[in-house]
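Open the viewer and get ready to select. We will go from the whole chain to single residues.

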Amino acid sequence: MEPGRIENLSVVYQSRDFLVVNKHWDLRIDSRMWREIPTLQKQLRHHFPELADPDTYYGFRFCHQLDFSTSGALCVALNKAAAGSAYKCFKERRVTKAYLALVRGHVQESRMTINYAIGRNSTEGRAHTMCIEGTEGCENPKPSLTELVVLEHGLYAGDPVSKVLLQPLTGRTHQLRVHCSALSHPVVGDLTYGQALDQEEQPFRMMLHAFYLRIPTHSECVEACTPDPFVPALDACWSPHTLVQSLDQLVQVLRAAPDPDPTEGCPASCSTPTLPSKSPETEAQRASCLQWLSEWTLEPDH
């Protein structure tokens with residue numbers, strides 16, 4: 001597979017206020033280490049130098065995070081106002097996300113809701129990792145929900161795997177990876193929560209991809225669907241043999257679904273304006289929201 005390079009940035013949505021890029025796997029969003037090339041930030045500077053904002057440290061305002069190993073849809077705000085409107089959608093949990101993954105084994109239930117609280121793992125040697133409630137050393141577990149739909153069963157390099165669509169309903173660190181591991185169906189290529197394999201047997205990447213993203217800001221609905229990377233034409237090791245659910249049908253369902261609107265208590269359309277706050281946001285509220293947003297960062301720079 002082609003490695004990530006400065007030149008091969010893929011843009012799947014562009015407007016005056018936003019970009020959505022299809023981030024490459026094994027690519028950091030940004031880094032303070034000058035020798036770390038490429039990063040998504042450097043790709044953006046290379047392709048869109050005129051859009052870089054000198055008032056920001058990295059030149060671009062990333063609306064959310066994807067970890068180093070995960071590929072897929074990532075939204076970039078092109079000005080402060082746009083960043084604020086996206087931030088409000090994340091704060092109010094109005095954003096819709098869906099991921100594709102290859103997981104170990106054949107998942108028997110065609111669809112399920114995974115409901116395991118997730119906390120930080122304080123066990124020695126497991127720094128920067130998460131665990132489900134009840135695990136020894138699990139600190140401050142928080143409610144976590146993930147919807148899983150099985151798309152296909154097949155083989156990856158001769159081993160049984162399932163292709164699944166995952167929709168996180170909460171935003172905990174490593175949530176999808178931890179939930180899949182808790183089901184004994186870890187993501188293929190996940191070296192942190194997956195099965196220990198010989199180095200020669202490791203896949204070339206972690207098989208987790210941010211497939212669909214919708215952010216219903218007050219001025220526009222930012223919606224993007226990225227190409228499916230888990231097809232035999234792109235990876236000969238993946239050999240599906242049983243279709244369980246059509247991905248195209250699920251995409252139609254995602255596009256037609258109303259946006260969550262917890263502030264109103266009922267669904268709202270993608271074009272419904274977000275009502276302004278009655279009072280200015282306090283520093284404590286902003287710090288709390290930024291902490292919540294940071295939980296989408298799945299891999300620390302080290």
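Start with the surface. In this predicted model, the chain exposes about 14900 Å². Carbon and sulfur atoms supply 52% of that area.

Now colour by secondary structure. You should find five helices and 14 strands. Of the 302 residues in the chain, 51% count as buried. Next, show contacts between residues at least 6 apart in sequence: 68% of them join residues at least 24 apart.

Select helix 1, residues 40-47. Which of its residues are buried? They are Leu-40, Gln-41, Gln-43 and Leu-44. Look down the axis of helix 1: the buried residues fall within an arc of 160°, so they line one face of the helix. Now add what covers them. The cover includes strand 2 (18-23), strand 3 (61-62) and strand 4 (71-77).

Keep Leu-40 and Leu-44 selected. Both are among the residues with the most contacts inside the largest nonpolar core, which has 49 residues. Add Phe-62, Leu-148, Leu-165, Leu-166 and Leu-208 to complete that group. Then select strand 5, residues 96-104. Strand 5 gives the most to this core: six residues.

Apart from this core lies another, of 17 residues. Phe-18, Val-20, Cys-75 and Phe-90 are among them. In soluble globular proteins, nonpolar side chains tend to be buried together.

Last stop: Leu-166. What does Leu-166 contact, leaving aside neighbours within four places in sequence? Its partners include Lys-97, Ala-98, Tyr-99 and Ala-101. Add Thr-146, Glu-147 and Leu-148. Finish with Leu-176, Cys-180 and Leu-208.

How values were computed:
Residues are numbered from 1 along each chain as its sequence is written. This is a predicted model: local features need pLDDT of at least 70, side-chain atom pairs count only at pLDDT 80 or more; totals for chains, interfaces and linings use all residues. Side-chain values use heavy atoms; hydrogens and water are left out. Buried means under 20% relative accessible area, exposed over 50%, partly exposed in between (1.4 Å probe, protein chains only). Helices (H or I, at least four residues) and strands (E, at least two) are DSSP runs, numbered from the N terminus. The arc is that of the directions from the helix axis to the C-beta atoms. Contact means heavy atoms within 4.5 Å. Accessible areas come from the Shrake-Rupley method with a 1.4 Å probe; for residues, only the protein chains shown count as cover. A nonpolar core is a set of buried Ala, Val, Leu, Ile, Met, Phe, Trp, Tyr and Cys residues joined through side-chain atoms within 4.5 Å.
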